[in-house]
Amino acid sequence: MFSSVIAFAGAAFLIAMVPGPSTAVILRRAVMNGRRSGIATVLGNECGVLLWGLAAALGLSALLLASQVVYDAMRIFGAALLVWMGARAWWRARRPGGPGEEPAETTAVSHRQAYWQGLVTNFANPKAGVFAVSFLPQFVPQGAPILPTLLAFSVIWAVIDLLWYLPLIWLAGRVRGVLQRRSIQRRMEQISGAVLVGLGLRLAVES
């Protein structure tokens with residue numbers, strides 16, 4: 001059992017390092033609204049991880065593998081969400097501002113809003129569900145109780161995700177002061193918007 005946990009933890013850490021929609025949303029929120037907002041987004045994201053783990057343990061996420069209609073519906077919803085967030089970032093970048101050296105006016109976002117953004121971004125990604133149902137069971141030792149083991153692995157997965165994102169949020173907070181200039185922040189809105197729209201379009205066209 002211990003060797004399975006170590007193997008799973010190592011695999012989960014490698015997967016956490018792969019950038020995706022959650023990474024883009026978390027870093028954008030940390031840069032635009034500060035570390036606390038970034039942490040709230042991460043907590044929402046990790047609750048999404050736990051929900052997918054629970055769904056895998058109960059067999060619900062297997063529906064994504066069994067039903068193309070369910071998978072496509074979630075895929076289109078997730079793609080539309082990412083494109084909408086990217087389009088909003090572009091729209092904010094187009095707002096007229098003062099000289100480039102003035103501090104930018106950051107749109108206020110509550111911690112609750114940041115949390116829900118992280119949760120919805122993660123849970124609206126059907127890849128996470130397919131990953132949970134195909135990845136987690138591979139590490140369950142033979143003879144181990146399936147439901148408790150999958151739930152324990154889900155918690156480990158969320159904790160490792162959290163440990164990966166916290167240093168990224170800290171770094172984003174360190175450079176946030178430099179990025180407060182209006183011209184730089186408008187450029188970052190444009191870049192983050194392009195990334196989110198690109199991720200959404202990629203998710204939409206994937207089979």
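Biologist: Which residues of α6 are buried in this model?

Modeller: In this predicted model, the buried residues of α6 are A114, Q117, G118, L119, T121 and N122, where buried stands for a relative accessible area under 20%.

Biologist: How do you know that the length of α6 agrees with what is expected of a helix?

Modeller: Helix α6 runs over residues 111-123, and at 1.5 Å a residue its 13 residues should span 18 Å; because the C-alpha atoms at its ends are 18 Å apart, the two values agree.

Biologist: What makes Y115 and W116 count as partly exposed, rather than buried or exposed?

Modeller: Partly exposed covers what lies between the buried class, under 20%, and the exposed class, over 50%. Y115 has a relative accessibility of 27% and therefore counts as partly exposed, and W116, at 46%, counts as partly exposed too.

Biologist: What makes helix α2 largely enclosed by the rest of the structure?

Modeller: Of the 13 residues of α2, 12 are buried, so the helix is largely enclosed; among them are P21, S22, T23, R28, R29 and N33. The span of α2, which covers residues 21-33, also agrees with expectation, because 18 Å is expected at 1.5 Å a residue and its end C-alpha atoms are 18 Å apart. After α2 comes G34, which has a positive phi, near 100°.

Biologist: How many aromatic pairs are there, and why is the pair of F13 and W164 called edge-to-face?

Modeller: The count comes to four aromatic pairs. The ring centres of F13 and W164 are 5.8 Å apart and their planes stand at 90°, so this pair is edge-to-face, given that rings pair with centres within 6.5 Å and that planes over 60 degrees apart count as edge-to-face. Because F13 belongs to helix α1 (residues 2-16) and W164 to helix α8, the pair ties together parts that are 151 residues apart in sequence. F13, at 35% relative accessibility, counts as partly exposed, and W164, at 21%, also counts as partly exposed.

Biologist: Which other rings take part in pairs?

Modeller: Y115 and W116 form an edge-to-face pair, with 5.8 Å from centre to centre and 85° between the planes, while F8, F139 and F153 are linked into a cluster by ring pairs.

Biologist: Why are α1 and α8 called oblique to each other?

Modeller: The two helices pack at an angle of about 45°, with their axes 9 Å apart. Angles under 35 degrees would count as roughly parallel and those from 65 to 115 as roughly perpendicular, and because the angle fits neither class, α1 and α8 are oblique to each other. The crossing of α1 past α8 is right-handed. Residues including S4, F8, F13 and A16 in α1 meet residues including F153, W157, D161 and W164 in α8.

Biologist: How do you know that D161 is buried?

Modeller: D161 lies in helix α8, which covers residues 146-176, and has a relative accessibility of 7%, so D161 counts as buried against a limit of under 20%. Apart from its neighbours within four places in sequence, D161 is in contact with A16, N45, E46 and V49.

Biologist: What does the protein chain contain as a whole?

Modeller: The protein chain has nine helices and zero strands, and 44% of its 207 residues count as buried. Among its contacts with a separation of 6 or more, 87% are between residues 24 or more positions apart.

Definitions and conventions
Residues numbered from 1 in each chain as written. Predicted model: local features only at pLDDT ≥ 70, side-chain atom pairs only at ≥ 80, totals over all residues. Heavy atoms only, no water. Helix = DSSP H or I, 4+ residues; strand = E, 2+ residues; numbered from the N terminus. Expected span 1.5 Å × (residues − 1). Buried < 20%, exposed > 50% of the residue type's maximum accessible area, 1.4 Å probe, protein only. Contact = heavy atoms within 4.5 Å. Phe/Tyr/Trp six-rings, centres within 6.5 Å; stacked < 30°, edge-to-face > 60°. Axes fitted to C-alpha atoms, helices over the stretch in contact; angles between N-to-C directions. Parallel < 35°, antiparallel > 145°, perpendicular 65-115°, else oblique. Left-handed = near helix turned anticlockwise from the far one by under 90°.
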